[in-house]
Amino acid sequence: MKNGRITPGSNLAKGPFHFLKIMRASSYVILILLLTWIGQAGCSGPQTGTEKRERFVDSLLGEMTLEEKIGQMTLYTSGWTITGPALDSNYRQYIIDGRCGNIFNAHTVGYNMELQKLAVEESRLGIPLLFGYDVIHGHRTIFPIPLGEASSWEPALAERSAALSAREAAASGLNWTFSPVADLSRDPRWGRIAEGSGEDPLIGARFTEARVTGYQGSDLSDRNTLAACLKHFAVYGAPEAGRDYNTVDLSKRTIREVYMPPYQSAVEAGVATAMASFNEINGQPATSSRYIEDILRQEWGFEGVLVTDYGAIAELVPHGVAADSAHAGELALKAGVDMDMQSGIYMKNTTRMIREGILEEAIIDEAVRRVLRLKYDLGLFEDPYRYLDAEREKEVVHAQELLDHALEAGRRSIVLLKNEPFNGKKLLPVLKQPGSIALIGPMADNEVDIMGSWHAAGDPGIVVTLAEGLKNRFPGSEIKTTEGCGFYGKDRSGFSEAVRLANISDLVILAIGENYVQSGEAASRSDIGLPGVQQQLADAILKTGKPVVTVIFAGRPLTINRIDENLPAVLWAWQPGTRGGDAVADVLSGAYNPSGKLTVTFPRNVGQIPIYYSTKNSGRPFDADNKYTSKYLDVPNEPLYPFGYGLSYSEIRYSNLELNTHEISFTDTLQVSVTVSNEGPYAAEEIVQLYTRDLIGSVTRPVKELKDFTKIKLAAGEKQVVTFFLTADDLRFYDIDMNFIAEPGDFLVMTGPHSADLLSAEFKLEK
Ligand code: NOJ
């Protein structure tokens with residue numbers, strides 16, 4: 001013992017451990033106490049929590065065989081759900097043998113208790129299992145898909161969703177979620193755009209950070225929190241052609257400026273774990289890339305566990321960087337990957353490679369330390385059953401607070417895209433209960449697809465469908481429901497019944513969109529129109545001449561030009577989750593005035609993709625009178641709906657953009673004020689957005705970049721002055737040498753209701 005520390009393998013380390021080992025799990029508590037006591041006896045001052053943890057981890061590591069160490073670096077699915085090919089059904093035996101220290105896709109107290117007992121009571125060292133799961137937007141109670149929730153522009157809402165998801169998941173025996181998804185995406189063909197926060201780095205960073213904070217709280221050992229997992233590192237959201245898992249090849253500047261901020265915000269928020277992405281980035285598969293060591297660990301200081309995605313080590317072979325699976329394992333280990341999800345490669349090859357001197361055991365020790373620290377921080381050594389309380393599970397799962405929040409988050413994520421008069425009168429809000437409502441479309445009474453992709457353990461049994469939501473909100477109306485068609489194929493046999501119902505009703509609500517597997521993982525689409533014959537269904541209903549409100553449920557932007565042209569009222573509901581039906585009904589009735597705005601651009605057709613608001617100008621910017629400018633022959637440059645767009649039932653006006661000065665130095669703060677008025681008849685909420693443009697840069701700069709935003713409440717007739725503060729730090733970018741700097745010169749500052757409707761003023765950043 002040197003300076004009161006127990007070094008691995010020392011007799012003192014062995015002593016207490018050998019003695020306690022036989023007592024299994026509960027012994028860890030005694031071991032922690034004993035090590036604390038030994039530490040204090042040998043130290044001049046009291047030990048910090050970190051010192052205690054290090055002592056414990058070192059001591060335990062000193063007891064572990066190489067196989068047991070590698071077991072802590074191994075993660076297997078319990079077999080409930082699989083998203084890849086390599087299910088290994090021996091996981092129970094591996095747990096007993098100490099060869100698998102972590103399990104995913106197992107949940108519920110009963111089941112996880114059974115597995116935890118195998119680890120704690122039957123494995124040699126009794127090291128508790130870590131239980132991971134894809135709690136992406138809720139566990140049993142499902143909140144809106146993350147892209148939908150981002151439309152609220154309220155990171156605090158997402159933080160609460162994450163905190164409540166954590167509470168419910170932890171009560172179901174979990175301690176680790178594979179969330180948040182920080183992948184920024186500008187390509188709606190990519191189905192996983194649903195899981196992120198959209199196209200903008202600032203929005204992505206604020207939402208990712210909020211979600212990490214929500215899941216983890218301030219103490220991982222709290223029974224209401226989970227360890228979060230930053231994923232998918234890195235740049236998974238920019239696959240070529242929008243095809244999932246495909247190559248990513250982007251400039252370093254774009255990667256740094258656009259794609260990295262959300263990932264970095266998670267590290268700054270203290271995320272406990274991270275997952276490497278499936279894709280390659282500029283020639284290196286993420287799972288074996290230098291991004292992990294150079295950026296994540298060295299530059300950003302991430303100290304947590306880095307896990308692979310499903311079977312991703314094995315995929316280094318088809319990627320073409322590894323000759324065989326053993327080589328793949330070596331590359332991943334050397335890149336700093338701590339845990340192997342599902343490929344089993346670490347388990348099969350590492351011991352031999354260390355014995356043959358191909359790998360140093362120190363790499364393994366470092367990875368195992370990270371895993372053990374996480375288990376320690378989660379309180380699993382103190383009590384491996386701390387998340388396994390059947391009574392608490394009953395109380396927390398589906399608790400009213402969660403259901404209430406699902407409604408609130410659902411309402412706040414809905415975006416009103418269009419509300420034009422029909423026969424001289426706006427259809428929304430539906431203030432007077434119609435005598436009869438025809439509810440038509442495959443989303444009319446659908447309790448599964450309304451939860452969206454990755455609803456994993458989401459419980460369809462408690463979902464409020466749109467039909468049920470409308471019945472709750474319009475009890476005096478007769479509501480008749482028919483699907484009209486499905487999500488696939490060409491079958492129009494349901495159209496005649498749909499048209500018949502429309503004809504005999506006072507109001508038609510058309511509920512269409514994507515089902516839950518038409519977005520999400522492995523759900524890229526080359527045509528992002530309404531799937532199946534839903535457009536034709538809409539055309540048929542429109543022909544009836546009845547008032548029609550269209551509600552679209554989807555996991556990504558869709559090209560809905562024909563709907564936008566022809567139908568008077570269009571509500572974008574995303575996939576709003578467990579209380580989705582109530583949320584949509586509240587918006588339709590005006591019980592909630594819609595306040596969501598898009599965080600992703602809606603293209604007119606796939607040929608415009610990638611499409612995003614913060615584009616560069618080019619040397620030949622669009623000019624309608626000059627053929628030789630940057631444009632299409634067949635479609636405008638503008639999107640169908642721009643970033644930041646969304647309507648209210650009220651009329652919101654912007655005026656008086658004012659700056660406190662038109663020149664600032666590098667140490668000054670610019671104050672930007674704008675008057676926002678609610679000139680309509682309803683109380684409203686408004687998302688006020690602030691953009692800048694660097695007019696002349698040493699490298700080209702986007703025509704607009706979001707720098708700040710806020711959401712305000714305005715009573716009918718109320719005006720408010722909103723003030724933003726900008727400093728030189730907000731104006732930084734990567735120069736030609738990749739230095740992150742602000743350059744003196746002229747800037748535009750812009751504010752308004754969305755990225756294509758902005759007031760602007762100029763200012764100068766002085767040297
Ligand atoms: C594959 C997905 O890419 C990832 O997001 C998920 O966490 C894992 N499978 C585990 O289910």
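Which residue does the side chain of arginine 223 meet in a salt bridge? The exercises below treat this and related points.

The model is predicted, so local features need pLDDT of at least 70 and side-chain atom pairs count only at pLDDT 80 or more, while totals for chains, interfaces and linings use all residues. Residues are numbered from 1 along each chain as its sequence is written, and side-chain values use heavy atoms, with hydrogens and water left out.

**Exercise 1. Identify the partner of arginine 223 and place both residues in the fold.**

Step 1. A salt bridge requires a side-chain nitrogen of Lys or Arg within 4 Å of a carboxyl oxygen of Asp or Glu. Arginine 223 meets aspartate 389 at 3.6 Å, N to O.

Step 2. Aspartate 389 lies in the loop between H15 and helix H16 (390–396), and arginine 223 in the loop between helix H9 (201–216) and strand E5 (229–233), so the pair ties together parts that are 166 residues apart in sequence. Helices (H or I, at least four residues) and strands (E, at least two) are DSSP runs, numbered from the N terminus.

Step 3. Relative accessible area classifies a residue as buried (under 20%), exposed (over 50%) or partly exposed (in between), with a 1.4 Å probe and protein chains only. Aspartate 389 is partly exposed at 26%, and arginine 223 is partly exposed at 33%.

**Exercise 2. Characterise the salt bridges of arginine 53 and arginine 167.**

Step 1. Arginine 53 pairs with aspartate 377, the closest N and O atoms being 2.8 Å apart. Arginine 53 belongs to helix H3 (residues 49–63) and aspartate 377 to helix H15 (residues 361–377), so this pair ties together parts that are 324 residues apart in sequence.

Step 2. Arginine 53 counts as buried because its relative accessibility is 16%; aspartate 377, at 28%, counts as partly exposed.

Step 3. Arginine 167 forms a salt bridge with glutamate 401, with 2.9 Å between the closest N and O atoms. Helix H8 (residues 155–171) holds arginine 167 and helix H17 (residues 400–413) holds glutamate 401, so the link spans 234 residues in sequence.

Step 4. Arginine 167 is partly exposed at 25% relative accessibility, and glutamate 401 is partly exposed at 35%.

Step 5. The count of salt bridges comes to 49.

**Exercise 3. Describe the surroundings of the ligand.**

Step 1. A residue is near the ligand if one of its heavy atoms lies within 4 Å of it. The ligand is surrounded by 14 residues, of which the closest are Asp134, Arg192, Lys231, His232 and Asp309.

Step 2. A polar contact is a pair of N or O atoms within 3.5 Å. Polar side-chain atoms lie 2.6 Å from a ligand oxygen atom for arginine 192, 2.7 Å for lysine 231 and 2.6 Å for histidine 232.

Step 3. The protein covers 99% of the 300 Å² of accessible area that the ligand has on its own, by the Shrake-Rupley method with a 1.4 Å probe.

**Exercise 4. Determine the strand order of the open sheet and locate its edges.**

Step 1. Two strands pair if DSSP finds at least two bridges between them. The five strands have the order E20-E28-E27-E22-E23, with mixed pairing.

Step 2. Strand E20 (663–664) and strand E23 (705–714) are the edges; each has a single partner strand, so one side of each is left without a neighbour in the sheet.

Step 3. Strands E22 (residues 684–694) and E27 (residues 745–754) run antiparallel and are joined by six bridges. Glutamine 689 has glycine 752 in E27 as its bridge partner.

Note on methods
Polar contact = N/O pair within 3.5 Å; in protein donor to acceptor, adjacent residues only side chain to side chain.
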